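Notebook open, coffee poured. I want to look up how the chain is split up, what sits around the ligand, and where the nonpolar residues gather.

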Amino acid sequence: MSRLVDLRSDTVTQPTLAMREAMMNAKVGDVGYDEDPTVNELEQRFAALVAKPKAVFVPSGVMANQIAVRVLTKPGDLIIAGRDQHVVSFEMGASARNSGVQFALVDDRTGVLRTSELLEVLDAEHDHQPHVAMVAIENTHMVAGGVPWALEDVRSLGSSLATTPLYLDGARLFNAVVATGTSAADYCEPATMVMACLSKGLCAPVGSLLAGPTDLMTQALIERKRLGGTMRQAGFLAAAGLVALETMIDRLGDDHVRARVLAEVVGATFGESDYDPASCRTNIVAFDHPRAREIVAKLADRGVLAGTVAPRRVRLVTHAGVSDDDVAYVADAMKGLASATR
Ligand SMILES: Cc1ncc(COP(=O)(O)O)c(C=O)c1O
């Protein structure tokens, strides 16, 4: 097989030449002593982008989420979150293991949590039920198909919460920014703490950023240490992260256009999925199919790597390593396969 198109995730992206050069030339120091100028610059740049007082550089999105959970909760607390969010379903139970918390799960099939459902769980505290220490949302919402939140929905959720902290898992925050034209600062304003990943569509090799108020970020530094995430000369990684923030956000729109082309093909070829291509607004096409794993296997036979995110849910993710030509190739592969799986 001569061709391979990798749509498993935007985490498979490779660092750009500019990133590699920036890494070569990075000024570095020991992060544990707060002496890495490039890490400090990256943290300040991100904090400014999301309009929070302080940011902390961490090795991964999972670690950012786990630090946030440790900072905002105590063992036995409840976190309200959507059933399919990463922090709930894709971190191997880390929140229970690391922080001793439980989740109160609400419906997030559309990617967005309904305020009325959240308020019901919060209200149950008055009826001898556990304390809700935080509400977590995901923007864009991965399993729902990279769904970006409408700013008014984040605002209305935030304003209905009174004192309960809102946490924003913005692993793909900048996809939401590009898709909706909402600024990162506006999206993050209702949230107490926010994280974004540099190592997905933005193509940096490693790293995520967690931001919030200074006192909580001081706690975050302690939790980062406890989880083993205090790196040393991490300026080499931060240098790539700076290039990611400077040069890779605007181009995410290209990934969105390509995902939409694939979404149209999915809608047209897998009628039984009842998939609406218009639901694809960023870089993820996620659709239900009774033979999801068979589809993934057959696509792999044709040189197209995809994945499943639930037993009957296929996911295709576009990113900087996927060209228009690749998309045309995948479209042909899917059409051929649809007739074969019918
Ligand atoms: C929504 C969301 N949050 C968090 C993460 C975790 O990021 P990482 O893979 O850097 O740990 C991911 C990873 O795919 C994600 O999709």
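Before the split itself, a reminder to myself: domain bounds here come from an automatic or database domain assignment. Also, I'm working with a predicted model.

Domains. I looked up the division first and got domain 1 as 5–12 + 251–341, with domain 2 running 17–247. Their C-alpha centres come out 27 Å apart. I then checked who takes part in the contact: 18 residues from domain 1 and 18 from domain 2. On the domain 1 side, α12 (252–269), β9 (284–288) and β11 (307–310) each put in at least two residues. The largest share there is from α12, with four residues. Sorted by class, that side of domain 1 holds eight nonpolar, seven polar and three charged residues.

Ligand. Which residues are closest to the ligand? I find S60, G61, V62, H86 and A171, out of 13 that surround it. Helix α3 (residues 61–72) gives the largest share of this shell, three residues. By class I noted seven polar, four nonpolar and two charged residues in the shell.

Cores. The largest nonpolar core has 79 residues, and A68, Y167, M193, V194, L210, A239 and A240 touch the most other members. I picked M193 for a closer look: leaving out neighbours within four places in sequence, its contacts are A68, L72, P165, Y167, L210, A211, G212 and L216. Another core, of 29 residues, lies apart from the largest one; A259, V265, F270 and V304 are among its members. For context, nonpolar side chains tend to be buried together in soluble globular proteins.

Definitions and conventions:
Residues numbered from 1 in each chain as written. Predicted model: local features only at pLDDT ≥ 70, side-chain atom pairs only at ≥ 80, totals over all residues. Contact = placed C-beta atoms within 7 Å. Nonpolar A, V, L, I, M, F, W, Y, C, P; charged D, E, K, R; others polar. Near = placed C-beta within 6 Å. Core = buried A, V, L, I, M, F, W, Y, C linked by C-beta atoms within 7 Å. Buried ≥ 20, exposed ≤ 12 C-beta atoms within 10 Å, placed from the backbone.
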